[in-house]
Amino acid sequence: MTISYSWLKEYIKIDIEPEKVAQILTSIGLEVESIEKHQTVKGGLEGVVIGEVLTCEKHPDADKLSKTTVNIGLNEPLHVVCGAPNVAQGQKVAVATVGAKLYFNDQEIVIKKAKIRGELSEGMICAEDELGLGTSHAGIMVLDQSAVVGTPAKDYFKIEDDYIFEIGLTPNRIDAASHYGVARDIAAYLNLEKPTKAVKPSVESFRIDNNKFYIPVEVVDPTLCSRFSGVTISNIKIGPSPEWLKKKLKSIGLNPIYNVVDVTNFVLHEIGQPLHAYNADEITGNKVIVKTLNEGTPFVTLDSNERKLSSEDLMVCNTEQGMCIAGVFGGLKSGVSETTTKIFLEAACFNPISVRKTARRYGLNTDASFRFERGTDPNITLWALKRAAILIQEVAGGEISSEIVDVYSKPVEDFKVEYNLKRATTFIGKEIPLSTIKKILEGLEIKVVKEDNESLQLAVPPYRVDVQREADIVEEILRIYGYNNVEFSEKVNSTLSYSKKPDTHQIINLISDYLTSNGFNETMCNSLTKLSYYKDLNTYPVANTVQIMNPLSNDLSGMRQTLLFGGLESVQRNTNHRNLNLKLYEFGNCYKFSPDADRSKKPLKSYSEDLRLGIWLAGEKTAESWIQKPQAANFYTIKGYVHSILARFGIDTDSLTIEDAPSDIFEYGLSYSLKNKPLVTFGLVNRNILESFDLKAEVFFAELKWNLVFDHSVNMKIVYKELPKFPEVKRDLALLLDKNITYGQIQKLAFATERKLLKRVNLFDVYEGKNLGENKKSYAVSFILMDESKTLTDVQIDKTMNTLIEVFGKELGAQIR
């Protein structure tokens, strides 16, 4: 939200440095994100002074140029060559001296001392467009003879410097979405030091000229429109706004349109009440009806787009058709134009939820909808209406031609809140004097209805939609009093609490530390994703996606079913920035909608979510160095990380059911299940998916069902045992086998044959060649033997190895090479 400091000072009498004001605003909860110096004329006319033309004669070498001497209050007059046809002796003019900077057609012009056709020129006599004071370039700007020579042009033209605050307004502080609202907060803060009050402009000059053009109003559903006020103004003249109004709007980044519309925008940013002006000649039937229309009713808005209305959209209508989408956007036909002579001016209070749904439905975000969505003050409509009417008469003429119509069937009462002094002191950690509390409440326009020794009965105005509880009052008092004024206590209060073991977050941090120490970076992706990602997938069909009603965009239209696509977006972004070697991980929830679930008793039964761990590998797993060549990540790389994580939780991969990973997600890969429940899936991401992200390199992905992994860890027991005292013995075998025999079969058979002495089995070489025979291969396998009670003898070792050779030959058809 943009706030002009000079505009702000019209409601509160302060003379504080802008930087100090920014500090105050930030300390009271209105964070100032930036301060910019704003000048009504770019450059502030620095270096431009008032001068008098002493002499003027034709240039000897140019018919259209003149030689002049100009007095600007120095000891010697300046010699200036001028090309304007209207320059003449005795004129008072604006002179840009050497070094001055002018901004003409968005270009910076630096005035330099030069010779023009052989004649010295020490400045420039300016036209109004060159100064930024108008658009005319027909000749130089001739000033009134009363202008004093040597006066800075900045002072003569009353060029003012302003400071613009950009405030990061939080959604709950819509009461501060105006200049008066900000002034009210500053006044509440300054009032603690000396009496300070924010003052609204008076509307006592509002007078009804006649009642010739009264337009009645009917509100069909008061729950959608709690208050609707209106008045007609006739015989107005649409035209440009005066300079003061243009300057106000330009200072906060608004482009002036014409007087009536500019007044409505001015009042909106002054007090926070949206207004709308209708061309009264387009109000068919001379009646305004606030209601909804039939589903699919066409309506052309101010941007000339035709929209099909929803039956839930609240509309401001005449007796035949809609004129405005209430609180969101006006209609093209009923809008004010240059030919308008009569208007119906509206100030209303619409239902925030209704406005928000309508605005999201059509992707519209206007200044009006921004305020209505968060809740406007129903008790300010009459003031805003009168204020706008007075200003419209001032800038566009006309007469107020009706009584104010005010439909307010159920006035909104103040929020009643009890403020317990002792409990509040406990919340704050400090006892704030009661007199200080009352000062703060008074500054915030919160009334003390009743008080006793223990509590205050408060009435909070309806525009403070965020202050309805005692805790809210404490927050209001604290932000004005100052959080920094609450000292640290020497006493520490602590609450003992029981937490389940193992701790979920602790386990997540354990795995995060493991992955980070192995070169991974954690990524955090949006849970909202594109529905198009799930098109044509069998593993994650579109029908199982939790879809968002009124999404902000098509890119955020559904809840993710898998972490895969968010991570691929991160891979794509990094790849586009030439960061090709990636190791990423993410802990995040995934969501599923089951359309076939019985929702008769539990409506939410169709929806489920579970926490998952995603891992992505792309590019090289080891960087090139003087001792090693770069090695690309492969299937076994990601398999190693998966097995390491499972091992941390005591999950033996031999006990898992292993299947091929789904082909619509992976080119190849494995899927592990634990007790018939999918535990982890990993492999090379499907080429079609990678191409949709414009990724040419291979990407490996693993996804663990974290809740299932964590549940298993609850039953995991850590067993400690003494380090062995006796040495291990290693023996190698080269086994010639059929090609269909796997290493897993060898490992399983070895441990089944020798349970006591055999500790580890390792495959260290695989060989296939013509000399082995058809459909044959050779496995080089090492066997680690150890007796924990004594040193092994050669007899024991040979006996064990012979037994293994015999079993391998009998069961697997193995031959020793």
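Two strands count as paired here if DSSP finds at least two bridges between them. Strand β40 (residues 729-738) and β43 just give a nice case to start with, since they pair in the antiparallel sense over two bridges. Everything described below comes from a predicted model.

Within that β40 and β43 pairing, Leu 735 stands opposite Ile 816 in β43. The two strands belong to an open sheet of four strands, laid out in the order β41-β42-β40-β43 with antiparallel pairing. At its edges sit β41 (758-767) and β43 (815-816), each of which pairs on one side only. As a general picture to keep in mind, side chains in a regular strand alternate between the two faces of the sheet.

A second open sheet has five strands, and here the pairing is mixed; the order reads β14-β17-β20-β21-β22. Its edge strands are β14 (217-219) and β22 (329-330), again with pairing on one side only. Strand β21 (residues 322-325) runs antiparallel to β22, and two bridges join them. One residue to look for is Ile 325, whose bridge partner in β22 is Phe 329.

Next come β36 and β37. Strand β36 (residues 657-660) pairs with strand β37 (residues 666-674) over four bridges, in the antiparallel sense. Glu 659 can be picked out opposite Ser 671 in β37. Getting from β36 to β37 takes a hairpin of five residues, and Ser 663 is found in this loop between the two strands. Ser 663 has a relative accessible area of 57%, so it counts as exposed. The C-alpha atom of Ser 663 is separated by 10.0 Å from that of Leu 684, although the two residues are 21 residues apart along the chain.

Ser 121 makes a handy contrast. This serine lies in strand β10 (residues 119-121), and it is buried because its relative accessibility is just 3%. A polar atom of the Ser 121 side chain lies 3.3 Å from the backbone oxygen of Gly 123. Setting aside neighbours within four places in sequence, Ser 121 is in contact with His 79, Val 80, Val 81, Lys 112, Lys 113, Ala 114 and Ile 116.

Another buried residue turns up in a helix. Ile 428 belongs to helix α11 (residues 421-428), and a relative accessible area of 10% is why it counts as buried. Not counting residues up to four places away in sequence, Ile 428 touches Tyr 419, Val 474, Leu 478 and Val 486. As for Ser 66, its C-alpha atom and that of Ile 428 are separated by 76 Å, with their positions 362 residues apart along the chain.

On the surface, Val 300, Leu 302 and Leu 332 make a nonpolar patch of about 220 Å². Val 300 sits in strand β18 (residues 298-300). With a relative accessible area of 32%, Val 300 is partly exposed.

Charged side chains get their own story, as the structure holds 38 salt bridges. One of them links Lys 154 with Asp 161, and the closest N and O atoms are 3.3 Å apart. Lys 154 is partly exposed, at a relative accessible area of 21%, and Asp 161 is partly exposed too, at 28%.

Arg 173 and Asp 175 form another salt bridge, with the closest N and O atoms 2.9 Å apart. Both of these residues, Arg 173 and Asp 175, are buried. A further salt bridge brings together the side chains of Arg 227 and Asp 406, at 2.7 Å from N to O. Arg 227 lies in strand β15 (residues 225-234) and Asp 406 in strand β25 (residues 405-407), so this pair ties together parts that are 179 residues apart in sequence. Arg 227 is buried, with a relative accessible area of 6%, whereas Asp 406 is partly exposed at 32%. Finally, salt bridges that share partners join Arg 173, Asp 175, Asp 185, Arg 464, Asp 466, Glu 476 and Arg 479 into one network.

Note on methods
Residues are numbered from 1 along each chain as its sequence is written. This is a predicted model: local features need pLDDT of at least 70, side-chain atom pairs count only at pLDDT 80 or more; totals for chains, interfaces and linings use all residues. Side-chain values use heavy atoms; hydrogens and water are left out. Patches are made of residues with over 30% relative accessible area and no salt bridge: like charges are joined within 9 Å, nonpolar side chains (Val, Leu, Ile, Met, Phe, Trp, Tyr) within 5 Å. Accessible areas come from the Shrake-Rupley method with a 1.4 Å probe; for residues, only the protein chains shown count as cover. A salt bridge is a side-chain nitrogen of Lys or Arg within 4 Å of a carboxyl oxygen of Asp or Glu. Buried means under 20% relative accessible area, exposed over 50%, partly exposed in between (1.4 Å probe, protein chains only). A polar contact is a pair of N or O atoms within 3.5 Å; within protein, one must be able to donate a hydrogen and the other to accept it, and residues adjacent in sequence count only if both atoms are side-chain atoms. Contact means heavy atoms within 4.5 Å.
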